[in-house]
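Subject: Structure for your review

Dear colleague,

Please find the structure below, handed over for your examination. My findings follow it.

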Amino acid sequence: YDIRGYRSIRVSVNRALDRQALASLAAAAYTGATQEDISLFYLSTHGVTIGDNDDFAALLSDGLEERLLYGRDIAEVLNTVPGKKVVILDACFSGAAIVKGLDDPYVASAFSGPDFKVLTSAGGLEPSFLWTDGAGMVQGGSFFAQALTEGITAEGRYAADLNRDGLITLRELHAHQLKAYAHHVCASAARCCAAPAAELVW
């Protein structure tokens, strides 16, 4: 346990993960999870869409090799973890993973069901955004991650705790992300975040 109450934290940086490697990482990270647990999966990387049905894929690289990790593979791996799964996808076109911001709203999401609560940084047909200067040069990380950090940390005065009760529900986090992040990007990004259950807390 760390001071925040997390039982296990695993980080993967600059690895060209495929489905099997993600499954191994998930097995190590979520071992011992029960139906009463809430497991967090956060992915920040490049994203692309594949095929006619605009399937989301995360582009992962170790600097030498690049691999695509499909949204459906992420969902299938996480579906083996008992309990609720909070999934945060910070990547271009990540809304396609939950069928938000696509031209065809009738495609089923692999993240369907009550055990998945998913926030994405972009709609299915749009890029996510990085900090840039007036000349358009990239100066830092994603707007989405910056808004998230401001929302859930002391540095940002826990801005996502909208009712100031000391707990941040996913509903509050969703509202905060819409307010703090969506005004930086086009309107459809505001639609991409699935409104999650209020009872889950940060």
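A residue is called buried here when its relative accessible area is under 20%, exposed when that value is over 50%, and partly exposed in between. By that rule F111 is buried, because its relative accessible area is 5%. Please note that the model is a predicted one.

Overall architecture

The protein holds 4 helices and 8 strands. Along the sequence these elements follow the pattern α-β-β-β-β-α-β-β-β-β-α-α. Of the 202 residues in the protein, 42% are buried. Taking the contacts between residues at least 6 apart in sequence, 62% join residues that are at least 24 apart.

The antiparallel sheet

One open sheet is formed by 3 strands in the order 2-3-4, with antiparallel pairing. Its edges are strand 2 (46–50) and strand 4 (66–70), each of which pairs on one side only. Neighbouring strands in this sheet are turned by 35° against each other on average, with direction ignored.

Strand 3, which covers residues 55–61, is joined to strand 4 by 5 bridges, and the two run antiparallel. Within this part of the sheet, L60 stands opposite R67 of strand 4. Helix 2 (residues 71–79) lies across strand 3 and strand 4, and runs at about 65° to strand 4.

A contact between a charge and a ring involves Y70 and R72: the charged end of R72 sits over the ring of Y70, at 4.6 Å from the centre of that ring.

The parallel sheet

A further open sheet consists of 3 strands in the order 1-5-6, and here the pairing is parallel. Strand 1 (38–44) and strand 6 are the edge strands, each pairing on one side only. The twist from one strand to the next averages 10°.

Between strand 5 and strand 6, which run parallel, there are 5 bridges. L89 stands opposite T120 of strand 6. Helix 3 (residues 143–152) packs on this sheet and touches strand 1, strand 5 and strand 6; the direction of helix 3 makes about 135° with that of strand 5.

The surroundings of D90

D90 belongs to strand 5 (residues 84–90). Is this aspartate buried or exposed? With a relative accessible area of 3%, D90 is buried. The side chain of D90 makes a polar contact with the side chain of S121, at 3.2 Å. If neighbours within four places in sequence are left aside, the residues in contact with D90 are Y42, L43, S44, T45, S121, S128, S142, F144 and A145.

The aromatic pair and its neighbours

The structure contains 1 aromatic pair. The ring centres of F111 and F116 are 5.2 Å apart and the ring planes lie at 85°, so the pair is edge-to-face. Like F111, which has 5% relative accessible area, F116 counts as buried, in this case at 7%. F116 also takes part in a contact with a charged residue: K85 lies over the face of its ring, at 5.4 Å from the ring centre.

D115 is found in the loop between strand 5 and strand 6 (116–120). At 27% relative accessibility, D115 counts as partly exposed. Apart from residues up to four places away in sequence, D115 touches G83, K84 and K85. The C-alpha atoms of D115 and N79 are separated by 8.2 Å, although these residues are 36 apart along the chain.

Two residues with positive phi

Finally, I would draw your attention to two backbone positions. F93 is not a glycine, yet it has a positive phi of about 65°. F93 is placed in the loop between strand 5 and strand 6, and it is partly exposed, with a relative accessible area of 23%. R164, likewise not a glycine, has a positive phi of about 55°. R164 lies in the loop between helix 3 and helix 4 (170–180), where it counts as exposed at 52% relative accessibility.

With kind regards

Conventions. Residues numbered from 1 in each chain as written. Predicted model: local features only at pLDDT ≥ 70, side-chain atom pairs only at ≥ 80, totals over all residues. Heavy atoms only, no water. Pairing = 2+ DSSP bridges. Axes fitted to C-alpha atoms, helices over the stretch in contact; angles between N-to-C directions. Contact = heavy atoms within 4.5 Å. Buried < 20%, exposed > 50% of the residue type's maximum accessible area, 1.4 Å probe, protein only. Polar contact = N/O pair within 3.5 Å; in protein donor to acceptor, adjacent residues only side chain to side chain. Phe/Tyr/Trp six-rings, centres within 6.5 Å; stacked < 30°, edge-to-face > 60°. Lys NZ or Arg CZ within 6 Å of the ring centre and 35° of its normal.
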